[in-house]
Structure formats: structure tokens, C-alpha cells
Amino acid sequence: MNDYALVLNAGSSSLKFCVFQRPQQEGWRLAARGQIEGIGTAPRLSAKDDGGKSLADERLDAGSVRDGRAAVDVLAAWLRARYGGARVLGVGHRVVHGGARFTSPTVVSRQLLAELAELIPLAPLHQPYNLAAIEAVFERLPDVPQVACFDTSFHRGQPAVAEVLPLPLDLRQHGLQRYGFHGLSYEYIASVLPSVAPEMAGGRVIVAHLGSGASLCALKEGRSVDSTLGFTALDGLCMGTRPGTLDPGVVLYLFQSLNLSPKDVEALLYKKSGLLGISGISNDMRDLLYRSEPEARLAVEYFVYRAAREIGALAAVLGGVDGLVFTAGIGENSAEIRRRICMASGWLGVELDAEENVGHGPRISTRQSRVSVWVIPTNEELMIARHTGTLLGLR
Ligand code: ADP
């Protein structure tokens with residue numbers, strides 16, 4: 001095994017990782033992709049190689065893997081055992097929030113960590129865990145350089161009108177603006193469009209990142225000009241457990257009339273709404289699509305309705321649409337959801353090729369469709385590896 005770069009995506013109960021081998025002529029090569037999930041409850045380590053062959057699948061001791069730091073220890077031990085003589089050239093982290101200041105990936109320092117910690121209230125469910133992983137690597141591998149790659153950076157450079165929140169200036173000076181997220185996913189898609197779909201790569205494209213978190217991004221000539229996520233990751237589309245766009249008066253009502261506490265409202269908005277809230281059954285689109293209960297149907301209908309509605313809004317922003325791209329868990333795997341969203345977007349000139357759609361494309365529109373529609377698997381980890389390599393001079 002050659003020297004390698006490690007990519008980490010640390011969440012509240014999971015630590016996802018990828019091992020990329022030192023770049024060769026053809027770029028980074030994925031050696032392993034895995035995760036430690038169930039941190040604090042029923043921890044488990046699993047990993048596969050690039051071809052899908054299992055490299056690890058084991059239950060871990062719940063008593064000793066109570067938090068993210070302990071998970072980093074488990075991962076470090078696994079990496080040592082597996083890639084013994086090889087050096088870790090650098091660690092790239094997914095960091096959800098870079099605020100207004102960090103418009104590109106940045107080499108991590110103690111000072112940077114302190115600045116990123118100030119953004120925790122803006123992404124309470126992600127940022128603390130992202131930073132804890134950086135801290136844990138700092139402690140254990142102080143000589144290994146680390147790079148923070150932000151989910152917000154790709155959207156910086158949007159026109160002021162797309163970023164502004166219509167609130168008084170003194171409040172906006174506290175960082176209240178629209179940031180947008182899933183930026184690493186959109187950046188990856190924008191980077192492959194010229195080779196996958198050259199005829200529309202330089203045009204007006206809407207990318208639909210539909211996973212358990214979901215958003216849309218409007219690309220003009222490969223750059224983000226607007227997106228549906230805003231100040232936090234709660235805005236825009238209906239998500240697995242987050243509501244998407246919600247009248248702020250609802251939040252006032254929850255506080256003032258139903259006397260919910262800030263913690264209750266936070267849990268409601270981040271963990272109990274969206275598909276789960278509407279259906280009362282599941283946050284997983286796979287489950288809901290096969291259920292006959294009216295609430296499950298309404299949840300799926302609302303998901304599609306909201307996506308189609310926001311596609312219309314971004315089409316207005318772009319002044320028309322040349323291409324539509326589906327990506328992430330639902331976007332890549334659910335032909336049914338793609339079909340429904342495309343049907344609802346027919347007025348824009350979207351014409352679906354039913355057979356290609358069932359086969360997951362990559363091109364799923366008919367030849368005569370005015371909008372060309374694609375399924376392109378995202379690869380946020382590769383984007384992080386590329387940034388890490390560039391910033392650390394590994395290539
Ligand atoms: P995230 O990275 O935001 O956790 P993913 O992009 O991995 O999410 O997407 C996960 C979601 O994708 C799951 O919750 C599930 O609802 C959905 N999904 C995956 N496969 C399918 C499928 N075949 N049909 C419908 N939904 C699917």
C-alpha cells in the first residue's frame with residue numbers, strides 16, 4: 001500500500017471515511033470506503049474496497065466507542081493494521097459550515113478551529129462533530145496536515161440578491177445571510193458535467209441533490225447562482241426529517257402559544273419533520289414509496305410537489321433551463337421519484353425517456369426534450385481528496 005490521504009465525514013453517530021491512494025497520473029484512487037456507525041449505541045465498523053469487496057465488518061465494544069474521538073481511535077488502529085508501513089499524507093474533512101469568510105477549502109490551524117467553532121449555532125447537528133474529528137486527529141497525529149472542505153464554499157460568489165436575508169442591517173452583521181449547503185456535491189457535479197454532458201455544461205443547469213438532506217442548486221456556466229438551502233440546512237425542499245421552507249410564524253407560534261422550548265423546537269425542525277413528520281411512519285423514501293397509508297402517500301407527494309415548485313423557482317432565477325441533474329441517495333436510485341418530478345416539470349420542456357429512467361440513465365430525457373435530464377452519482381469524498389491534494393501540494 002502506498003502513502004494515502006484520508007477523507008473524514010464525521011456526524012453525530014457515524015464517522016464515514018475514505019482512503020485514497022497517493023495520486024497517480026490518472027488522479028486519486030479509492031482504496032477503501034467505510035464507516036463506524038452507531039457511535040454511542042451499537043457501534044459497528046464496516047469497510048469495502050473500490051470494487052465493493054468487504055474489508056471489514058465487525059461489531060465494536062459499545063462501552064469503549066462512546067463518542068467521535070473514540071471512533072477516530074478505532075479507525076486509526078484499523079488503518080495501522082491494514083496499511084502498516086504507509087504514511088498518512090493528509091486528512092481532508094467535510095465541514096458543513098464555513099460561514100461568509102471561508103470561500104474555499106483551508107488548511108486547518110488552531111485559530112481556524114476556533115473560528116469554525118463560532119459557527120456551531122448555525123449548524124448544531126453537524127458542525128460540532130466535524131470539528132471534534134479535526135481535534136481528535138490534531139491530538140493523535142499532530143504532524144499530519146489537515147484540510148477543512150466546506151459545504152458552503154461553492155455557493156460563495158452568488159449574487160447579493162440570492163444571499164441576502166431581508167432583515168435589518170444590524171442583525172445581518174451577525175452573519176445572517178443565505179449560505180447554501182451540499183456545496184461539495186454540487187462542485188463535484190459541476191466538475192464532471194463538461195465530460196458527461198458537454199452540450200449543457202456551460203449553460204443553465206439545475207442540480208437536484210436528493211438524499212436524506214435535500215436541496216437544489218442553480219448553476220450558470222458551472223457556478224452556483226442560487227440554491228434552496230439558506231442560513232441553515234432547514235430551508236427549501238422537504239427532507240427526511242427536516243421540513244424545508246416553513247412560514248417563520250409557525251416557529252413563533254410553537255414558542256408563544258404551544259410553549260415549546262428552544263431545544264424542543266430544534267429537535268422538531270431537525271429530527272421530527274419532513275417525510276417523517278408528514279407520514280408519521282418513516283424518514284426513508286424507500287419505505288414510504290411502498291406504503292399505502294394516506295399519510296405516507298402525502299409525504300411522498302409533498303416531497304415531489306416541493307421539488308417541482310422549487311425547480312420552477314430556480315428556472316425563473318436562471319431565465320430558463322438547459323439541463324436537470326439528479327444525484328444523491330434518492331436522486332440516483334429512485335426512478336419513481338425522478339419520474340414524478342419530471343412529470344411535474346413537463347411545462348419547462350422536460351420529456352422523460354421512461355426506459356432510460358428505469359435503467360438510471362445516465363441520460364434519462366428523450367432526444368427531443370428541450371431540457372436534457374441526467375442521473376449523475378455524486379462523489380463528495382473525491383472532491384475533498386482533490387482539494388486536500390491541491391492544498392497540500394500532493395500532486
Ligand atoms: P445522506 O448522505 O444525506 O445521508 P443519501 O444521499 O445517502 O443521504 O440518501 C439517503 C436516502 O436515499 C435514504 O434515506 C433513502 O430515503 C434514499 N434512497 C436510497 N435508495 C433509494 C431507493 N432505491 N429508492 C428510494 N429512495 C432511496
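Start at the ligand and look at Gly329: one of its backbone N or O atoms sits 2.8 Å from an oxygen atom of the ligand. Keep in mind that this is a predicted model, and every distance here is computed from it. Move along to Ile330, and you'll find a backbone N or O atom 3.4 Å from an oxygen atom of the ligand. Then there's Asn333, where a polar backbone atom lies 3.5 Å from a nitrogen atom of the ligand. How much of the ligand does the protein bury? Taken alone, the ligand exposes 580 Å², and the protein buries 68% of that.

Now zoom out to the whole shell. The residues around the ligand include Gly211, Ser212 and Gly213, then Asp284, Met285 and Arg286, and also Ala328, Gly329, Ile330, Asn333 and Ser334. Which elements give two or more residues to this shell? They are α11, spanning 285-289, and α13, spanning 328-333. Helix α13 gives the largest share, with four residues. Sort the shell by class and you get six polar, three nonpolar and two charged residues.

Next, let's go and look for empty space. Rolling a probe the size of a water molecule over the atoms shows where such space is left. In this structure, the second largest pocket holds about 830 Å³ of space. There are 23 residues lining that pocket, and the closest to its centre are Phe231, Thr232, Leu234, Val251 and Leu269. To find your way around the lining, pick out α8 (248-256) and α9 (262-271), since each supplies at least two of its residues. The largest share comes from α9, with five residues.

What classes of residue make up the lining of the second largest pocket? It has 17 nonpolar residues, along with four polar and two charged ones. Put that beside the shell around the ligand, with its three nonpolar, six polar and two charged residues.

Last stop: the salt bridges. The count for this structure comes to 20. Let's pick one to look at, the salt bridge between Arg44 and Asp57, whose closest N and O atoms are 3.1 Å apart. That fits within the 4 Å cut-off used for a salt bridge. Why does this pair tie together parts that are 13 residues apart in sequence? Because Arg44 lies in strand β4 (residues 44-48), while Asp57 lies in strand β5 (residues 54-59). Find those two strands in the 3D view, and look for the Arg44 and Asp57 side chains that form the bridge.

How values were computed
Residues numbered from 1 in each chain as written. Predicted model: local features only at pLDDT ≥ 70, side-chain atom pairs only at ≥ 80, totals over all residues. Heavy atoms only, no water. Near = heavy atom within 4 Å. Polar contact = N/O pair within 3.5 Å; in protein donor to acceptor, adjacent residues only side chain to side chain. Areas by Shrake-Rupley, 256 points an atom, 1.4 Å probe, with all protein chains shown as cover. Nonpolar A, V, L, I, M, F, W, Y, C, P; charged D, E, K, R; others polar. 1 Å grid on protein atoms, 1.4 Å probe; cavity = no way out; pocket = protein on both sides within 12 Å on 5 of 7 lines; lining within 4 Å. Points joined across faces, edges and corners; volume = space filled by probe spheres on them.
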